[in-house]
Amino acid sequence: QVQLVESGGGSVQAGGSLRLSCAASGYTYSAYCMEWFRQVPGKERERVATIDSAGRTSYTDSVKGRFTISQDNAKNTLYLQMNSLKPEDTAMYYCAANPTPYGYCSDPIGFRYWGQGTQVTVSS
């Protein structure tokens with residue numbers, strides 16, 4: 001079975017940094033597109049960043065230049081380094097594994113494994 005366990009959330013002031021971690025078990029990262037999402041209550045869940053089996057990354061415009069997605073395959077861990085945090089980054093952050101062909105992110109499918117979420121709160 002696939003399990004994703006997140007950690008690293010917390011409360012910081014604007015301009016600060018956090019590093020989120022997502023420890024994975026039950027699968028190999030190379031077979032999945034790995035993703036970070038965030039969601040504010042009452043709003044649609046937003047995909048923040050992705051990394052595919054070839055190491056190719058993508059980001060939503062609002063976090064480009066501030067967030068970095070990476071993975072350590074030896075540790076089966078996905079990371080999201082968040083710098084220059086803004087109050088509008090406040091959300092519940094989730095990691096997800098999308099079992100796409102070859103682990104590519106270009107053609108996502110309608111099934112994902114999800115982590116439990118970790119809260120990030122940024123104060124002004």
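This passage walks through a strand sheet, two disulfides, a set of aromatic contacts and one buried arginine in a predicted model.

A good place to start is the sheet. Four strands, in the order β1-β3-β8-β7, make up an open sheet with antiparallel pairing. The edges are taken by β1 (3-7) and β7 (67-72); each has a single partner strand, so one side of each is left without a neighbour in the sheet. On average, and with direction ignored, neighbouring strands of this sheet are turned by 15 degrees against each other.

The two edge strands can be followed to their partners. At one edge, β1 runs antiparallel to β3 (residues 18-25), and 5 bridges join the two. Within this pairing, Ser-7 has Ser-21 of β3 as its bridge partner. At the other edge, β7 is joined to β8 (residues 77-82) by 6 bridges, and this pairing is antiparallel as well. Here Ile-69 is found opposite Leu-80 of β8. The strands β7 and β8 form a hairpin with 4 residues between them, and in this hairpin Asn-76 adopts a positive phi near 50 degrees.

Strand β3 also leads to the disulfides, of which the structure contains 2. One of them connects Cys-22 with Cys-95, with an S to S distance of 2.1 Å. The torsion about its S-S bond is about 55 degrees, so the link between Cys-22 and Cys-95 is right-handed. Cys-22 belongs to strand β3 and Cys-95 to strand β9 (residues 91-98), so this disulfide ties together parts that are 73 residues apart in sequence. Both Cys-22 and Cys-95 are buried.

The other bond joins Cys-33 and Cys-105, whose sulfur atoms are 2.0 Å apart. With 105 degrees about the S-S bond, the link of Cys-33 and Cys-105 is right-handed. It brings together distant parts of the chain, 72 residues apart: Cys-33 is in strand β4 (residues 33-39), whereas Cys-105 is in the loop between β9 and β10 (113-114). Cys-33 has a relative accessible area of 1% and is buried. Cys-105, at 15% relative accessibility, also counts as buried, because the cut-off is under 20%. When bonded cysteines are counted along the chain, the disulfides follow the pattern 1-3, 2-4.

Aromatic rings offer another view of the model. A pair of such rings is described by the distance of the centres and the angle of the planes. Across the whole structure, 5 aromatic pairs are found. In one of these, Tyr-102 and Tyr-104 have ring centres 5.7 Å apart and planes at 35 degrees, so the pair is tilted. Tyr-102 is exposed, with 66% relative accessibility, while Tyr-104 is partly exposed at 35%.

Another arrangement is seen for Phe-111 and Tyr-113, an edge-to-face pair with 4.9 Å from centre to centre and 85 degrees between the planes. Phe-111 is partly exposed at 42% relative accessibility, and Tyr-113 is partly exposed at 28%. Together with Tyr-32, the residues Phe-111 and Tyr-113 make up one aromatic cluster.

Aromatic rings also meet a charged side chain. The charged end of Arg-45 is placed over the ring of Tyr-94, at 4.0 Å from the ring centre. Arg-45 also lies over the face of Trp-114, where the distance to the ring centre is 4.5 Å. Arg-45 thus has two aromatic contacts in this description, with Tyr-94 and with Trp-114.

A further arginine, Arg-66, brings the account back to the edge strand β7. Arg-66 is located in the loop between β6 (57-59) and β7. With 10% relative accessibility, Arg-66 counts as buried, because buried means under 20%. Leaving aside residues up to four places away in sequence, Arg-66 touches Gln-81, Met-82, Asn-83, Ser-84, Leu-85, Lys-86 and Asp-89.

Definitions and conventions
Residues numbered from 1 in each chain as written. Predicted model: local features only at pLDDT ≥ 70, side-chain atom pairs only at ≥ 80, totals over all residues. Heavy atoms only, no water. Pairing = 2+ DSSP bridges. Axes fitted to C-alpha atoms, helices over the stretch in contact; angles between N-to-C directions. Phe/Tyr/Trp six-rings, centres within 6.5 Å; stacked < 30°, edge-to-face > 60°. Buried < 20%, exposed > 50% of the residue type's maximum accessible area, 1.4 Å probe, protein only. Lys NZ or Arg CZ within 6 Å of the ring centre and 35° of its normal. Disulfide = S-S within 2.5 Å. Contact = heavy atoms within 4.5 Å.
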